[in-house]
Amino acid sequence: MSENVLQDDLREKARQIVADVLEVDPDELTDTSSFADDFDADSLLVIEMYSRFERELRIKVPQEDIVELDDMATVFEVIGRHSGAEAVSA
């Protein structure tokens, strides 16, 4: 198993943040749905997601990783790379 596999509760928190920012039901978000193509997300919404991940999940995501955030699979990967024990237990 990959060390970047997120715990279910952290995955659900991330999914809820994205759903809130995009103003959609969390069930509408598949791992491959494109935020830009499927939900008309612009760069400001992606920055809002980034900000909320840092604030609510207590992780520090480098700004260069923001450009990667276009689907839930990538969100989970980015959060997994930058979350530590404090983020998982938040």
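Start your tour at helix α4 (72–82), whose buried residues pack against α1, α2 and α3. This is a predicted model, so keep that in mind as you click around.

**Stop 1: the buried side of α4**

Select M72, T74, V75, F76, V78, I79 and G80, which are the buried residues of α4. Does their spacing tell you something? Here is a useful idea for any helix: with 3.6 residues a turn, residues three or four places apart point the same way. Try colouring the buried residues of α4, among them M72, V75, F76 and I79, and then turn the helix in your viewer.Now pick T74, a member of helix α4. Is T74 buried or exposed? T74 counts as buried because its relative accessibility is 17%, and the cut-off for buried is under 20%. Leaving out residues up to four places away in sequence, T74 touches E68 and L69.

Next, go to the start of α4 and show the side chain of D71. One of its side-chain oxygens comes within 3.3 Å of the backbone nitrogen of A73.

**Stop 2: the whole chain**

Zoom out for a moment. The chain has five helices and zero strands, and from the N terminus the elements run α-α-α-α-α. The protein chain has 90 residues, and 42% of them count as buried. Among contacts with a separation of 6 or more, 56% join residues that are 24 or more positions apart.

**Stop 3: where α1 meets α4**

Select helix α1 (residues 8–22) together with α4. At what angle do these helices pack? The angle is about 125 degrees, and the axes lie 11 Å apart. That angle makes α1 oblique to α4. The crossing of α1 with α4 is right-handed.

To see who makes the contact, show L10, R11, A14, R15 and V18 on α1, then M72, V75, F76 and I79 on α4. By class, the residues of this contact are seven nonpolar, no polar and two charged.

Stay on α1 and click R15. R15 counts as buried because its relative accessible area is 13%, below the 20% cut-off. Which residues does R15 contact, once neighbours within four places in sequence are set aside? They are P26, L29, T30, D31, M72 and F76. You have already met M72 and F76 in the contact of α1 with α4.

**Stop 4: where α1 meets α3**

Keep α1 selected and add α3 (43–57). The axes of α1 and α3 come within 10 Å and cross at roughly 145 degrees. This crossing, too, is right-handed.

On the α1 side, show L10, K13, A14, I17, V18, D20, V21 and L22. On the α3 side, show L45, E48, M49, R52, F53, E56 and L57. How many residues of each class take part? The contact has ten nonpolar, no polar and five charged residues. Notice that L10, A14 and V18 of α1 are in this contact with α3, and that L10, A14 and V18 are also listed for the contact with α4.

**Stop 5: D65 in its loop**

Move to D65, which sits in the loop between α3 and α4. Is D65 buried or exposed? D65 is buried, because its relative accessible area is 9%, which is under 20%. With neighbours within four places in sequence left aside, D65 is in contact with V78, R81 and H82.

Show the side chains of D65 and H82 and look between them: they make a polar contact at 2.5 Å. Then select I79 as well. D65 and I79 are 14 residues apart in sequence, and their C-alpha atoms are 9.9 Å apart in space.

**Stop 6: two residues with positive phi**

For the last stop, some background helps: most residues other than glycine have a negative phi. Now select D40, in the loop between α2 (35–39) and α3. D40 has a positive phi of about 55 degrees although it is not a glycine. D40 is exposed, because its relative accessible area is 63%, over the 50% cut-off.

Then jump to R58, in the loop between α3 and α4. What is the phi of R58? It is near 55 degrees, a positive value in a residue other than glycine. R58 counts as exposed, because its relative accessibility is 55%, again over 50%.

Notes: Residues numbered from 1 in each chain as written. Predicted model: local features only at pLDDT ≥ 70, side-chain atom pairs only at ≥ 80, totals over all residues. Heavy atoms only, no water. Helix = DSSP H or I, 4+ residues; strand = E, 2+ residues; numbered from the N terminus. Buried < 20%, exposed > 50% of the residue type's maximum accessible area, 1.4 Å probe, protein only. Contact = heavy atoms within 4.5 Å. Axes fitted to C-alpha atoms, helices over the stretch in contact; angles between N-to-C directions. Parallel < 35°, antiparallel > 145°, perpendicular 65-115°, else oblique. Left-handed = near helix turned anticlockwise from the far one by under 90°. Nonpolar A, V, L, I, M, F, W, Y, C, P; charged D, E, K, R; others polar. Polar contact = N/O pair within 3.5 Å; in protein donor to acceptor, adjacent residues only side chain to side chain.
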